[in-house]
Amino acid sequence: MLTAVISDIHANAEALRAVLADIDSRGIERIICLGDIVGYGPDPLECVDMVRRRCAWSLMGNHDFGVLYEPTNFNPGAEQAAYWTREQFDSEPDPALRAERYEFLGRLRVRVVETPPGGTVPILAVHGSPRRPINEYIFPDDALASPDKLEAIFERVDRLCLVGHTHVPGVFTNEPDFYPPAELGEMTYTFADEEKAIINVGSVGQPRDHDPRASYVVLHPDRAQFVRVEYNVDATAKKIKAIPSLHDWLGDRLYEGR
Ligand code: ZN
C-alpha cells in the first residue's frame with residue numbers, strides 16, 4: 001500500500017484539487033498531511049474540508065497554529081493573512097460546521113511516528129524540524145553552512161523523517177548533504193540502511209524552489225518518490241488579488257514558485 005504525503009497547502013484549493021486528482025489517478029488511497037493547510041491563500045475553508053475528508057491525519061503547521069491561537073514571528077503580510085483566515089472560519093453561518101472545523105484544527109498533532117502500511121521502518125513526521133516541530137526551518141544551505149545544526153537535528157531522527165515548512169523539496173542525509181529531487185535518479189530517494197534521511201516533501205500550494213508546480217511525495221515501502229503537478233496558478237492568483245486583506249505578492253509569487 002502506498003501513502004501520499006502532502007504539506008503546505010496554504011489555502012490553495014486549485015493546487016490541492018490537482019494534487020488529489022493526481023493521487024487518485026495513481027490509485028493511492030492513503031494520504032497524510034504535514035501541516036500548513038491554511039495561511040496565505042484564498043480558500044482556507046475548502047482546503048480544511050478537503051484535508052478532513054481525504055487525509056488519514058494531518059500535523060499542525062505554524063500557520064494552522066497562528067489561525068487557531070496567535071501568529072508568532074510572521075511578517076506583516078502573513079499576519080494579516082492569518083487574521084483574514086480566522087475571519088473566514090468565524091463567519092461560517094452553520095454553527096456545527098464552524099465548531100467541527102475548529103475542533104479539527106485544535107486536534108492536529110505536532111509529531112507522529114508511524115510505520116506506513118506495507119513499510120518496515122518507523123518514520124517520524126513533523127511540520128518543521130524534529131527538535132522544534134512547528135517552527136524550525138531546515139534550509140538546503142544548512143547542510144553546508146550549519147553542519148552542527150543538522151547534526152543536532154539528526155540526533156532526534158532514528159532513520160527517516162518527513163518534513164515540510166520551507167516549501168523546498170529534497171532530501172537531507174546525515175553526511176550532511178542536501179539533494180534536490182532533480183539530483184536524485186528518477187526523482188526518487190531509495191532508503192539506505194546505513195543512512196539517516198530527512199525528506200522535505202515540498203509544498204502543494206506555494207512552492208519556493210522556482211518550480212511553480214505543486215509538490216508532493218509518494219511513499220513506497222523502500223523509497224520516496226517526488227511528484228510535481230501542474231495546476232491553474234492564474235485562478236488562485238486572481239482569487240488572492242480580489243481579496244484586499246491578502247497581499248498581491250502572495251499571488252505573484254505563485255507564478256514563479258518563490
Ligand atoms: Zn508553510
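In this predicted model, Tyr-189 is classed as buried, its relative accessibility being 6%, and Phe-191 likewise counts as buried, with a relative accessible area of 15%. Both values fall in the buried class because that class covers relative accessible areas under 20%. The rings of Tyr-189 and Phe-191 form an aromatic pair in the tilted arrangement, with a centre-to-centre distance of 6.1 Å and an angle of 50° between the planes.

A search of the whole structure returns five aromatic pairs. Among them is the pair formed by Phe-89 and Tyr-102, which is tilted, with 5.7 Å from centre to centre and 40° between the planes. Phe-89 belongs to helix H4, which spans residues 76-90, whereas Tyr-102 belongs to helix H5, which spans residues 95-106, so that the pair ties together parts lying 13 residues apart in sequence. The two partners fall into separate accessibility classes: Phe-89 is buried, with a relative accessible area of 1%, while Tyr-102, at 22% relative accessibility, is counted as partly exposed. The assignment of Tyr-102 follows because burial requires a relative accessible area under 20% and exposure one over 50%, with partly exposed residues in between.

A further buried position is Asn-200, for which the relative accessibility is 1% and which is located in strand E10, comprising residues 197-200. Polar atoms of the Asn-200 side chain are found at 3.0 Å from the backbone oxygen of Gly-164 and at 2.9 Å from the backbone nitrogen of Gly-202. When neighbours within four places in sequence are left aside, the residues in contact with Asn-200 are Val-163, Gly-164, Thr-166, Val-168, Pro-169, Gly-170 and Phe-226. Gly-164 thus appears both in this set of contacts and as the residue whose backbone oxygen lies 3.0 Å from a polar atom of the Asn-200 side chain.

With respect to empty space, the largest pocket of the model encloses about 210 Å³. Its lining is made up of 17 residues, of which Asn-62, Asn-73, Phe-74, Tyr-137 and His-165 are the closest to the centre of the pocket. Divided by class, the lining of the largest pocket consists of nine polar, four nonpolar and four charged residues.

Methods
Residues are numbered from 1 along each chain as its sequence is written. This is a predicted model: local features need pLDDT of at least 70, side-chain atom pairs count only at pLDDT 80 or more; totals for chains, interfaces and linings use all residues. Side-chain values use heavy atoms; hydrogens and water are left out. On a 1 Å grid over the protein atoms alone, a cavity is a set of points where a 1.4 Å probe fits but cannot get out, and a pocket is an open set with protein on both sides within 12 Å along at least five of seven lines; lining residues have an atom within 4 Å of a point. Grid points are joined across faces, edges and corners, and a volume is the space filled by probe spheres set on the points. Ala, Val, Leu, Ile, Met, Phe, Trp, Tyr, Cys and Pro count as nonpolar, Asp, Glu, Lys and Arg as charged, and the others, Gly among them, as polar. Helices (H or I, at least four residues) and strands (E, at least two) are DSSP runs, numbered from the N terminus. Buried means under 20% relative accessible area, exposed over 50%, partly exposed in between (1.4 Å probe, protein chains only). A polar contact is a pair of N or O atoms within 3.5 Å; within protein, one must be able to donate a hydrogen and the other to accept it, and residues adjacent in sequence count only if both atoms are side-chain atoms. Contact means heavy atoms within 4.5 Å. Rings of Phe, Tyr and Trp (its six-membered ring) pair if their centres lie within 6.5 Å; planes under 30 degrees apart count as stacked, over 60 as edge-to-face and the rest as tilted.
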